[in-house]
Amino acid sequence: MREPRIAIIGAGMSGICLGALLLRAGIRDVVLLEKNQDLGGTWRDNSYPGIACDVPSRFYQFTFALNPDWTHRYSPGAEIHAYFEKVARDTGVADRVRFGTTVVETRWTGAAWSVTTDDGVSAEYDFVVSATGILHHPRYPNIEGLDSFAGPAFHSARWDHSVDLSDKRVGLIGTGSTGVQILSALAGNVDRLLLFQRTPHWVMQLANPEFRPITRRLHRRFPAYDRFSYHAARKQIESLSPALLHPGKTRRFLTWLCRRQLNKIVDPELRAKLTPDSQPMCRRLIISPGYYDAIQDPTVELVTDRIERITPTGVVTDGVEHPVDVLVLATGFDAHAYVRPMRLVGPGGLTLEHAWADGPRAYRTVAVPGFPNFFMLMGPNSPVGNYALTAIAETQANYVLDWVQRWRRGEFTTAEPTAEATDRYYREVDAALPDTVWATGCDSWYLGQNGKPELFPWAPEQHKVMLAQPRDDEFHIVAG
Ligand code: NA7
């Protein structure tokens, strides 16, 4: 068996997943290049009050490292971060991370990838896998005067825990999943909370019960039951995917449910302000146990007038200044950067920037024509809409592992998807997209620069079938 040298860029959820699967398969020459000082990616970056995953914990975990000790149906972010750290420690991944190391360039030398990091060091690898996450680069709003604000102002993914909010007037901009979680946690716990909403989002109220100690003991004592619970939670989420993919009764039912739940808002004027004009799920459906209660808290005020500018002391809408002491920007992420700003230069000097001049595209979510032995986790058009990203990462990581195992056995030296196969695949994607709820006419982080949803237009379980094994007929393969 040949021993491949593998670089994984990023030690977040998906990088940890691939690292663990490679190490479990006995592949030892693995390094994770991580620009931060800690593991966990999005779960390290986001520590704002109220943070939780919007996918049930029983499903948002790896099948090879089930955790019987989840405390809640939707466990808090710190617990999820601790879970990924534990997986990394238990599997040996943590020992293979080079922290504080930013990859600046990955260049094909003719026989391998030369990866250069910001400390000036270059090293060669047979495979490079980008696991840089999708919700990684905070998006700051382009609002006049933002820099002039005199008090603390921070993005939700850069929470400043040194600021005591309890006696403050807090201005919160953004009503996506993050804004809703922050509002639900802060309502009633700060002096005043002004929520600046540009567009209302649909919210599904789902309870978040705590698991009792007896439940946790049962899961610990009976691993088969724990596994069953994973698949039961998976099935439950998957039963809703028809609503995302085509019009029909599941979509009609969820639409009805979301509308009905809005009736929890007593004041008709407030209810009208919170009623979106897009279809539920067109933008990511927000899952929240308590948003509709929190927004009716007397300390909360919803401001729907357009933000004109920010002054040193507040936020101005339609000529009216709303004084605030602290500004929280829950304004989302650039979900289309993927591998970038790292420079990727393939054979013949082809850059990823050039290959993606018309927008990011990936062969079946994992690879790019022109870039041999290079793979991506959570690449373009991955099924990231209201599904467990852990399951997607596992599918993609197992796919990469398949190629690596074949390389070890000497079956090839380099492999890259053909442009024809990728074009063919995108013709199928483009044909399926118009039926999806994401294409029903709303603006969201799901949409790429061409206005098309950058998502997987089939059932998420289909993604697993699609990547069950490499298809040699769709690859240029150079024999080993
Ligand atoms: P999202 O879902 O992208 O939401 C960002 C929010 O910020 C959204 O309500 C935006 O308004 C608002 N926003 C952005 N820029 C501005 C400006 N300039 N003025 C006013 N409001 C603005 O990000 P999240 O962090 O909440 O969630 C990201 C994902 O993380 C989520 O889908 C889950 O997967 C976890 P808009 O609605 O666009 O009018």
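Which residue in the turn of the β4 and β5 hairpin has a positive phi? In this predicted model, that residue is Gly110, with a phi of about 115°. The hairpin itself leaves 4 residues between β4 and β5. Its two arms, β4 (residues 103-108) and β5, are antiparallel and share 5 bridges. For a handle on the register, look at Glu105, which sits opposite Thr116 of β5.

Strand β5 (residues 113-117) then goes on to do much the same on its other pairing. With β6 (residues 122-125) it makes 4 bridges, again antiparallel, and here Val115 faces Ala123 of β6. β5 and β6 also make a hairpin, with 4 residues between the strands. The turn of this hairpin has a glycine with a positive phi too: Gly120, at about 85°. As for burial, 4 of the 5 residues of β5 are buried, so the strand is largely enclosed by the rest of the structure.

Next comes the open sheet. Five strands, in the order β3-β2-β1-β7-β21, make it up, and their pairing is parallel. At the edges lie β3 (97-98) and β21 (374-376), each of which pairs on one side only. Strand β7 (residues 127-130) is tied to β21 by 3 bridges, the two running parallel. Within that pairing, Val128 has Phe374 of β21 as its bridge partner. Helix α1 (residues 13-24) packs on this sheet, where it touches β1 (6-9), β2 (30-33) and β7. The direction of α1 makes about 160° with that of β1.

Helix packing is the next topic. Two packed helices are described by the angle between their axes and the distance between the axes. Besides packing on the sheet, α1 pairs up with helix α3 (residues 77-91): the two axes come within 10 Å and cross at roughly 20°. That angle is under 35 degrees, and α1 and α3 are therefore roughly parallel to each other. Their crossing is left-handed. On the α1 side, the contact is made by Met13, Ile16, Ala20 and Leu23, while α3 brings in Phe84, Val87, Ala88 and Thr91. By class, the contact has 7 nonpolar residues, 1 polar and no charged.

The pair α5 (residues 213-221) and α6 (residues 223-238) tells another story. Here the axes come within 5 Å and cross at roughly 105°. This value lies in the 65 to 115 range, so α5 and α6 count as roughly perpendicular to each other. Leu218, His219, Arg220 and Arg221 of α5 meet Pro223, Tyr225, Asp226 and Ser229 of α6. The residues in this contact split into 3 nonpolar, 2 polar and 3 charged.

One last residue deserves a look. Where does Arg364 sit? It is in the loop between α11 (352-355) and β21, the latter being an edge strand of the open sheet. Is Arg364 buried or exposed? Its relative accessibility is 9%, so Arg364 counts as buried, the cut-off being under 20%. Leaving aside neighbours within four places in sequence, Arg364 is in contact with Tyr425, Met466, Leu467, Arg471 and Glu474.

Technical notes. Residues numbered from 1 in each chain as written. Predicted model: local features only at pLDDT ≥ 70, side-chain atom pairs only at ≥ 80, totals over all residues. Heavy atoms only, no water. Pairing = 2+ DSSP bridges. Contact = heavy atoms within 4.5 Å. Axes fitted to C-alpha atoms, helices over the stretch in contact; angles between N-to-C directions. Parallel < 35°, antiparallel > 145°, perpendicular 65-115°, else oblique. Left-handed = near helix turned anticlockwise from the far one by under 90°. Nonpolar A, V, L, I, M, F, W, Y, C, P; charged D, E, K, R; others polar. Buried < 20%, exposed > 50% of the residue type's maximum accessible area, 1.4 Å probe, protein only.
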